[in-house]
Amino acid sequence: MQMSCIILCLTSQEECFIILVKTKGAAQMSISKTDFMRGMQCPKMLWLDAHRPELKVIPPETQRRLDRGNEFGDKAMAMFGPFEEMTAYIPGTKYLDKRKMVQKTKDAIRRGVENICEASFDHDGDFCAVDILHRVDEGVWELYEVKDSPEVKQQFIDDAGYQAWVLDKCGIQLDGVFVVYHYDDEVDPFEPVDVTEEAVEFAHVVNENIERLKAVKESKTEITIPMGEQCSKPYGCWYCGYCEKLARQSSLFD
Ligand code: SF4
């Protein structure tokens, strides 16, 4: 059986940690958009999502904000007119059937659907669902990431950049990448902003970091990272309670 060692240098933190991860020729773990973004904020967050998700505590206000965002995203699906939505669930569960979503998307592209919502793509297990994939010409598309926010934030552009990376790997020709934010207009609140250049820049960041984050997710050993700025930026971390408890325990023995 093949053995390998990967040395990780987590430079996104204030301090730099070296971690040795041993793998045994196991199937390579995949990274979704959510995994990637959370792993870039804090590798330990990604590890906990993969191995100890029961420790997360989502504050009620955050859950309400996520629900409002979903409602806004649902309304935005019609911003270019008729559309088809690719969302599919594993029967009897609330879990997405990603394989089916990818198949549905391929079929929608083949049938010439102009607006594909939750358009799903998979490159070697790295998955994303695009809020709106809008056809501008034969085989040429624009990608729209919808956010229920009064402004465009860097993390939204990064989200779109990850998706652009996956679509590029899947051979989809993109002509533009946009973030749609919540404009102050009750009739037409969907305001697209062209972020193509910045999203392409972030796609390079994806290329440079995806293998590192796969190794973090795959690690059997819990990684050690002290709490810091990353616990609240850009998003409040749902594992703060757990990490605070760990910090208290370790200070008792200092
Ligand atoms: S609380 Fe902070 S250190 Fe712990 S997982 Fe979250 S971001 Fe990382």
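These legends accompany several close-up views of a predicted model.

**View 1. The whole chain, as a starting point.** Before zooming in, take a moment with the chain as a whole. Its secondary structure comes to seven helices and eight strands. Of its 254 residues, 32% are buried. Among contacts between residues at least 6 apart in sequence, 61% join residues at least 24 apart.

**View 2. An open sheet of six strands.** Following the sheet across, you meet the strands in the order β3-β4-β5-β6-β7-β8, and their pairing is mixed. The edges belong to β3 (84-85) and β8; each has a single partner strand, so one side of each is left without a neighbour in the sheet.

**View 3. Strand β6 between β5 and β7.** Strand β6 covers residues 140-146 and pairs with β7 (residues 173-182) in the parallel sense, over seven bridges. To find your place here, look for V140, which stands opposite Q173 in β7. On its way from β6 to β7 the chain passes through helix α5 (residues 154-169), and this β-α-β crossover is right-handed. With β5 (residues 126-137), β6 pairs in the antiparallel sense over five bridges. V140 is a handy landmark for this pairing as well, being the bridge partner of D137.

**View 4. Strand β7 meets β8.** The pairing of β7 with strand β8 (residues 190-194) is antiparallel and runs over five bridges. A good residue to look for is V179, which stands opposite V193 in β8.

**View 5. Inside the largest nonpolar core.** This core has 57 residues, and those with the most contacts inside it are L143, A160 and V179. Which residues does A160 touch, not counting those up to four places away in sequence? They are L143, E145, V177, V179, V195 and A199. Two names on that list, L143 and V179, are thus also among the residues with the most contacts inside the core.

**View 6. The residues around the ligand.** Here you can pick out C42, K44, M45, L48, I225, M227, Q230, C231, C237, Y239, C240 and C243 around the ligand. By character, this shell divides into ten nonpolar residues, one polar and one charged. Helices α2 (43-51) and α7 (240-252) each supply at least two residues of the shell. Which element gives the most to the shell? It is α2, with three residues.

**View 7. A cis peptide bond before P234.** Most peptide bonds are trans. The bond from K233 to P234 is cis, with omega near 0 degrees. You will find P234 in the loop between α6 (196-218) and α7.

**View 8. Two residues with positive phi, E118 and D124.** Most residues other than glycine have a negative phi. For E118, phi is near 55 degrees, a positive value in a residue other than glycine. For D124, also a residue other than glycine, phi is positive too, near 50 degrees. Where does each of them sit? E118 has its place in strand β4 (residues 115-123), while D124 lies in the loop between β4 and β5. Are they buried or exposed? E118 counts as buried because it has 22 C-beta neighbours inside 10 Å, and 20 or more are enough for that label. D124 has 12 other C-beta atoms within 10 Å, so D124 is exposed; 12 or fewer is the cut-off here.

Key. Residues are numbered from 1 along each chain as its sequence is written. This is a predicted model: local features need pLDDT of at least 70, side-chain atom pairs count only at pLDDT 80 or more; totals for chains, interfaces and linings use all residues. A residue is near a molecule or strand if its C-beta atom, placed from the backbone, lies within 6 Å of it. Helices (H or I, at least four residues) and strands (E, at least two) are DSSP runs, numbered from the N terminus. Ala, Val, Leu, Ile, Met, Phe, Trp, Tyr, Cys and Pro count as nonpolar, Asp, Glu, Lys and Arg as charged, and the others, Gly among them, as polar. Two strands pair if DSSP finds at least two bridges between them. A crossover is right-handed if, with the strands pointing away from the viewer, the path from the first strand over the helix to the second runs clockwise. A nonpolar core is a set of buried Ala, Val, Leu, Ile, Met, Phe, Trp, Tyr and Cys residues joined through C-beta atoms within 7 Å. Two residues are in contact if their C-beta atoms, placed from the backbone, lie within 7 Å.
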